[in-house]
Amino acid sequence: MSDSRGETGYVEAELIDDETQQHETPAADTQAIDVVEIVESEPGSLVLEEHVAEQEWTREFAIEDSAPAAPEAEPTEAESVSDEQDDDDASAPESDVSAPEPEVAAPRLQSLPMVKALNAGLRRALAEDPKVLLMGEDIGPLGGVFRVTEGLQAEFGTKRVLDTPLAESGIIGSAIGLAMRGYRPVVEIQFNGFVFPGFDQITTQLAKLTNRHSGAVSMPVVIRIPHGGHIGAVEHHQEAPEAYFAHTAGLRIVAPSTPHDAYWMIQEAIASDDPVIFFEPMSRYWPKGEVDTVENGVPLHASRVVRSGTDATVVAWAGMVPVALRAAEIAAEEGRSLEVVDLRSLSPIDYGPLVQSVQKTGRLIVAQEAPGTVSVASEVAAAVSEKAFYSLESPVLRVAGFDTPFPPAKLEGVYLPDADRILEAVDRALAY
């Protein structure tokens, strides 16, 4: 592995669900791991506090396949004698043993952070298909750096949830071999920048094998990659590498922005017979959202209008969607109406709702965390210019990260686009 990983170490981010709960992690679970604290500073925003702090974590998962019934207590000798003498005797002492409570199904609508929604989606996929396997570094007893796989090895065993060596090329290569034998491996890449040692396996083997065998071989491999910034880390930990993979034919690329989408999209990705790159926005791991565990309603590769407007369209994905929504809220206070589209899928891209939105508003701003040159934003801008040319009243504008390596953590606020940068682009578009 690269020297930079050894120098920076790992970053462990954990959720604060309840300040009254205390959780003690065994020393072995957090050995050689730097802990980053993410706390809610105000509604809708996350800030980094001091880079190193103690955390609390709720290990109870809200979604269970079935709640275990309480074990029946053995009746005492006195109770047995009393029952035999006269079950209807009103004077007999009342039994201290209560009947087991009936099983209670988990509610259909639940408020979950994305980490737990992903965990619940993975649990359901593991339970429904014995061919589903999870593979990755420290995903077993530790539950992964972000605790997405918390408790799954204990529930499904070490043959279904596998801790792997620190070798991304070997992990992905092993997943390819398993897929050829009929399994559905789900690979976790610990941080976004760590995927590059496995890049060759993904782009020259995984993406090509189905075509190489004229469709006779399926590659149902899902590669989960934490995406983007806003966690106060360094390079290789806060990158947005989607353009590398979207450029590669043979891969499906998706990026949820809400817990509901994460819960359903991870299951749909696992069910796909094609390889799927599954980007998980780290900035959205902890905020809670409503999850409907019964009905989804939106296909895996469908884009979606998440806020209606009339003056301009802002399209974003992953962690940039809430930033675009904040920009729309600020614009509304200034008397401007922005429509926000969540792309959700980066390959293939569902242009239907996006083009319809641009035909209505006449203007488009594309917002992403990745650098703007030769990017997904570039492709979206070019495609919409072709598909809705006569509806555009201004050029399509891009708001993106700068064309530089990711800076030190203290400068991430300058590097990553925010609501002000989106609104500045809106001003330019409306000035035409």
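**Note on the predicted model: salt bridges, cores, a pocket and backbone details**

1. The count of salt bridges comes to 16 by the rule applied here. The structure is a predicted model, and the points below should be read with that in mind. Several of the pairs are taken up one by one, together with the burial of their partners.

2. One salt bridge is formed by the side chains of Glu150 and Arg147, with an N to O distance of 3.4 Å. Glu150 counts as buried because its relative accessibility is 3%, under the 20% limit that defines a buried residue. Arg147 is likewise buried, at 2% relative accessibility, and its place is in the loop between strand S6 (132-136) and helix H4 (152-156). The backbone of Arg147 also deserves a look, since its phi is near 65°, a positive value in a residue other than glycine.

3. A salt bridge also joins Arg224 to Glu188, where the closest N and O atoms lie 2.8 Å apart. This pair links distant parts of the chain, with Arg224 in strand S9 (residues 222-227) and Glu188 in strand S8 (residues 184-188), 36 residues apart. Both Arg224 and Glu188 are buried.

4. The side chains of Arg304 and Asp261 meet in a further salt bridge, at 2.7 Å from N to O. Here too the pair links distant parts of the chain, as Arg304 belongs to strand S13 (residues 304-307) and Asp261 to helix H9 (residues 259-271), 43 residues apart. How buried or exposed are Arg304 and Asp261? Arg304 is partly exposed, with a relative accessible area of 22%, whereas Asp261 counts as buried at 0% relative accessibility. Apart from these pairs, Arg108, Asp292 and Glu295 are linked in a network of salt bridges.

5. Helix H9 also holds Ala262, which counts as buried because its relative accessibility is 0%. Leaving aside neighbours within four places in sequence, Ala262 is in contact with Met114, Leu118, Pro256 and Phe278. Ala262 and Val115 are 147 residues apart in sequence, yet their C-alpha atoms are 8.7 Å apart in space.

6. The largest nonpolar core has 79 residues, and those with the most contacts inside it are Phe146, Ile202, Ile223, Phe245, Ile277, Leu354 and Val380. A second core, separate from that one, consists of 22 residues and includes Ala312, Met320, Ala327 and Ala425.

7. The second largest pocket has a volume of about 360 Å³. Its lining is made up of 20 residues, of which Ala240, Pro241, Tyr244, Ala370 and Pro371 lie nearest the centre of the pocket. Helix H8 (242-246) and S17 each supply at least two residues of this lining. Which element gives the most to the lining of the second largest pocket? That element is S17, with three residues.

8. Ser375 is placed in the loop between strand S17 (364-371) and helix H12 (376-387). With a relative accessible area of 8%, Ser375 is buried. The side chain of Ser375 reaches the backbone nitrogen of Ala377 at 3.3 Å. When residues up to four places away in sequence are not counted, Ser375 touches Ala243 and Gln368.

9. Two further backbone details may be worth checking in the model. Most residues other than glycine have a negative phi, and most peptide bonds are trans. Ala318, by contrast, has a phi near 55°, a positive value in a residue other than glycine. Ala318 lies in the loop between strand S14 (312-316) and helix H10 (320-333), and it counts as buried because its relative accessibility is 0%. The bond that joins Ser347 and Pro348 is a cis peptide bond, with omega about 0°. Pro348 itself is found in the loop between strand S16 (345-347) and helix H11 (352-361).

Methods: Residues are numbered from 1 along each chain as its sequence is written. This is a predicted model: local features need pLDDT of at least 70, side-chain atom pairs count only at pLDDT 80 or more; totals for chains, interfaces and linings use all residues. Side-chain values use heavy atoms; hydrogens and water are left out. Helices (H or I, at least four residues) and strands (E, at least two) are DSSP runs, numbered from the N terminus. Buried means under 20% relative accessible area, exposed over 50%, partly exposed in between (1.4 Å probe, protein chains only). A polar contact is a pair of N or O atoms within 3.5 Å; within protein, one must be able to donate a hydrogen and the other to accept it, and residues adjacent in sequence count only if both atoms are side-chain atoms. Contact means heavy atoms within 4.5 Å. A salt bridge is a side-chain nitrogen of Lys or Arg within 4 Å of a carboxyl oxygen of Asp or Glu. A nonpolar core is a set of buried Ala, Val, Leu, Ile, Met, Phe, Trp, Tyr and Cys residues joined through side-chain atoms within 4.5 Å. On a 1 Å grid over the protein atoms alone, a cavity is a set of points where a 1.4 Å probe fits but cannot get out, and a pocket is an open set with protein on both sides within 12 Å along at least five of seven lines; lining residues have an atom within 4 Å of a point. Grid points are joined across faces, edges and corners, and a volume is the space filled by probe spheres set on the points.
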